[in-house]
Amino acid sequence: MQNNEKLFALDIGTRSVVGIILEKKEESYHVADLLAIEHTERAMLDGQIHDVLAVSKIITEIKNKLEIKHGPLEKVSVAAAGRALKTERASYEMNIERKPLITKEDILHMELTAVQQAQSSVAEKNERDKSQFYYCVGYSVLYYSLDEQEMGSLIDQQGLMAKVEIIATFLPKVVVESLIAALHRANLEMQALTLEPIAAINVLIPPSMRRLNVALVDIGAGTSDIAITDSGTVIAYGMVPVAGDEITEALSDAYLLDFPLAEKAKRELSQNDHISISDILGFTTELHKEEVIKEIEPALDKLADTICREILSLNNHKSPKAVMLVGGGSQTPALQLKIAEMLNLPSNRVAIRGIDAITHLTFEKSFHLGPELVTPIGIAITAEKSPVQYKTVYINEQPVRLFEVNKLTVGDCILASGIKMNQLYGKPGNAMIVTINNQKITIPGSHGEGPTILRNEIPCSLEDTVEDGESLTVYRGKDGEQAIVQIKDLIDTEPDKKITINNKSYTIHSKIICNSKAVSVDHQIEDKDVIEYRAGTTTTIQEVLETLHLTQLIDEAQPFQILINGKETILPAFSGRIVKNGLSCRLNQLFEHNDEIILEKRKTPTVQELAERKQILMYQVLPVYFNDKKITLTKQLAQIRRKGQILQMQDLLYSGDDIRIEQKPFDGFLFQDLFAVVNINMPENGGGSFQLLRNGERATFLTPIKKEDKLSIIWPVKTGSSPSMNK
């Protein structure tokens, strides 16, 4: 490209179309001109052109006006709207039992199968009958798991079930086709194509920063586009159908403003502390910024909440490290702080970014450098640096057109061709079903082999890159075979088993019967075989104890269970316990050769221990002072009966007991409760009525008393005598 060559780019949005002329000067760019024209009718919806004629008319108007200053414009760079992207999660499970170590090719097969499931799901949700109507523009693995345990990598792992969950992004082909149609009507050729979120990210978040988990939110008029970066790439795209218009409508409703005047007021709010508005009745009002924000706060909360929920959903339900806001709607008052608050981020981790944040960029001084210009400038720069291209690849001699965002791989080509990944792998060999000790067991055959893929007649893998015009030949993998299994492959081959119970050793003898005949452990199993394998007719710990006549230990190992107010209750703290090789287990658990088993006896708790375990408050006590002497008042709050008899705290409870717990209401302590502890006699020299005192103040028998209160009874005495009290 020659120096100072002009780049023409268009940002076709929901409300307006922005045209920009960018001059490239070596490694820097200069914004030479820009022009924005709003739609006069609803020609765009959710990033897709719904009225090609109306959009092409505005494109033609922008083109003609810019040509007056900059000469003929024949080619233009455009972007597919981020809101047109469809993001879908999907997962795929694969049985890997008896399979060799998992390879990278196996993992790619699982990932691409999950992507195809996501592709079908997107097509179904958007009322399409063929997933080929969508380009896959990228996918990221959310996690791998092995036997339901999350793993960092599955390579060289072994287990029963491997699983991968992915998030994939798709672009409807109709979006690209409608863009091309609108440009052709304006006599323009598509020079390059990019995606709006990629355009904004490329100029604000360089590849070196994409290892950070950052959310970029482009808030337009009708929708807000979201892109998430992490681990060096863009991991997810999303869109919410709320944006700046939500706030404009709230202003319009609150202050009776025409929509254009409400839009003007919103823009002034982002720059001034006071604004002047004129409503539809002709009244002019001066308003303070804080007053307006309070009035439209419900709309602000809705916008911030909707954006934050989508960010968390795309980012695996966690807050990113930072959020960048671009687009005209990003200047909505107080929105920045609300997003930071809802994501639990410091206020300085959510920032509005304008084109002044783009490095190596200059512009005419007359331009307003707002965040709404980030995307159109990003489109021009990104489309020039890394345009999206179409490639044709031949799979089994059939041409396949691909939409390339990153380097295309063999796996991408197979996805685009519509060939199902599962159909490329050979079927597993026939399974055998045998019965061992009355339990049916399925023995799977060997796994089918993976496909053979040739690129230009040379073997290749799913992750190899392809170039335009290359040919791929795909051969389905071979089917698996029925397994060859001996009895010893399925059961414990020890002829005798030794077991230690409560530090005493015992020996259990074993035997194997297949189809009513005694066989050895080397006997080869056939489909539908019935096998009986017994360790001296015992298999579980309980059967071992019964065989060894240790049934008393079985009783002691049972749970401690009683009826409390008619409800069966098990108390693990008092129950017996079985420990096998240091770990708790149950009576029905199988035992193995050389197992060490300890059976701990069931406890016999007291009523007090039960009350403590069940957190039953039996008594309430209150320390007070009576005539300067400390005493303790006691009230019973609950009592426990067994067969109608009241139990004392030291009485023992047994498993199987039927008890009732009766709770008594507690209204606190009164002065009169004192007389349950002390005896009061009127002194011989006393006369007249007595006085009750609580902390030096008069009281009655019904006066509530509290902890550490000082109580006393005063008797009037005859002259020359002193008061007294008998306890």
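# Working through a predicted model

The lining of the second largest pocket is made up of 10 nonpolar, 16 polar and 10 charged residues. Keep in mind that you're looking at a predicted model. Grab the structure and try these.

## Exercise 1: The pocket

Find the volume of the second largest pocket, the residues closest to its centre, and the elements that help line it.

**Solution**

Step 1. Start with the volume: it is about 870 Å³ for the second largest pocket.

Step 2. Now look at the centre. Out of 36 lining residues, Ser16, Arg267, Gly327, Gly328 and Glu372 sit closest to it.

Step 3. Next, pick out the elements. Those that give two or more residues to the lining include the strands β1 (6-12), β2 (16-25), β3 (28-38) and β12 (214-219). The helices α6 (259-269) and α10 (374-385) do so too.

## Exercise 2: One helix and its cover

Which residues of helix α9 are buried, and what covers them?

**Solution**

Step 1. Helix α9 spans residues 335-342, and its buried residues are Leu335, Lys338, Ile339 and Ala340.

Step 2. Check what lies over these buried residues: the cover includes β12, α8 (297-314), β17 (322-326) and β18 (350-352).

Step 3. Go just past the end of α9, and you'll meet Asn344, which takes a positive phi of about 55°.

## Exercise 3: Salt bridges

A search of the whole structure turns up 18 salt bridges. For the pairs Glu23 with Lys6, Lys65 with Glu61 and Arg642 with Asp657, work out where the partners sit and whether they are buried or exposed.

**Solution**

Step 1. Take Glu23 and Lys6, whose closest N and O atoms are 3.7 Å apart. Glu23 belongs to strand β2 and Lys6 to strand β1, so this pair ties together parts 17 residues apart in sequence. Glu23 has a relative accessible area of 15%, and because buried means under 20%, Glu23 is buried. Lys6, at 36%, is partly exposed.

Step 2. Move on to Lys65 and Glu61, which meet at 3.3 Å, N to O. Both are in helix α1 (residues 52-70), 4 residues apart, and that separates them by about one helical turn. An α-helix has 3.6 residues a turn, so residues three or four places apart point the same way. Lys65 is partly exposed at 43%, and Glu61 is partly exposed at 33%.

Step 3. For Arg642 and Asp657, the closest N and O atoms are 2.8 Å apart. Arg642 is in strand β39 (residues 638-642), while Asp657 is in the loop between β40 (645-646) and β41 (658-663); the two are 15 residues apart. Both Arg642 and Asp657 are buried.

Step 4. Finally, look for shared partners: Glu297, Asp301 and Lys338 are joined into one network of salt bridges.

## Exercise 4: Aromatic pairs

How many aromatic pairs does the structure hold, and how are their rings arranged?

**Solution**

Step 1. The structure holds 2 aromatic pairs.

Step 2. Phe560 and Phe574 are 5.7 Å apart, centre to centre, with 80° between the planes; because planes over 60 degrees apart count as edge-to-face, that's the label for this pair. Each partner is in a loop, and the pair ties together parts 14 residues apart in sequence. Both Phe560 and Phe574 are buried.

Step 3. Phe675 and Phe701 form a tilted pair, 5.6 Å centre to centre with 55° between the planes. These two residues also lie in loops, and their pairing ties together parts 26 residues apart in sequence. Phe675 is partly exposed at 30%, and Phe701 is partly exposed at 36%.

Definitions and conventions: Residues are numbered from 1 along each chain as its sequence is written. This is a predicted model: local features need pLDDT of at least 70, side-chain atom pairs count only at pLDDT 80 or more; totals for chains, interfaces and linings use all residues. Side-chain values use heavy atoms; hydrogens and water are left out. On a 1 Å grid over the protein atoms alone, a cavity is a set of points where a 1.4 Å probe fits but cannot get out, and a pocket is an open set with protein on both sides within 12 Å along at least five of seven lines; lining residues have an atom within 4 Å of a point. Grid points are joined across faces, edges and corners, and a volume is the space filled by probe spheres set on the points. Ala, Val, Leu, Ile, Met, Phe, Trp, Tyr, Cys and Pro count as nonpolar, Asp, Glu, Lys and Arg as charged, and the others, Gly among them, as polar. Buried means under 20% relative accessible area, exposed over 50%, partly exposed in between (1.4 Å probe, protein chains only). Contact means heavy atoms within 4.5 Å. A salt bridge is a side-chain nitrogen of Lys or Arg within 4 Å of a carboxyl oxygen of Asp or Glu. Rings of Phe, Tyr and Trp (its six-membered ring) pair if their centres lie within 6.5 Å; planes under 30 degrees apart count as stacked, over 60 as edge-to-face and the rest as tilted.
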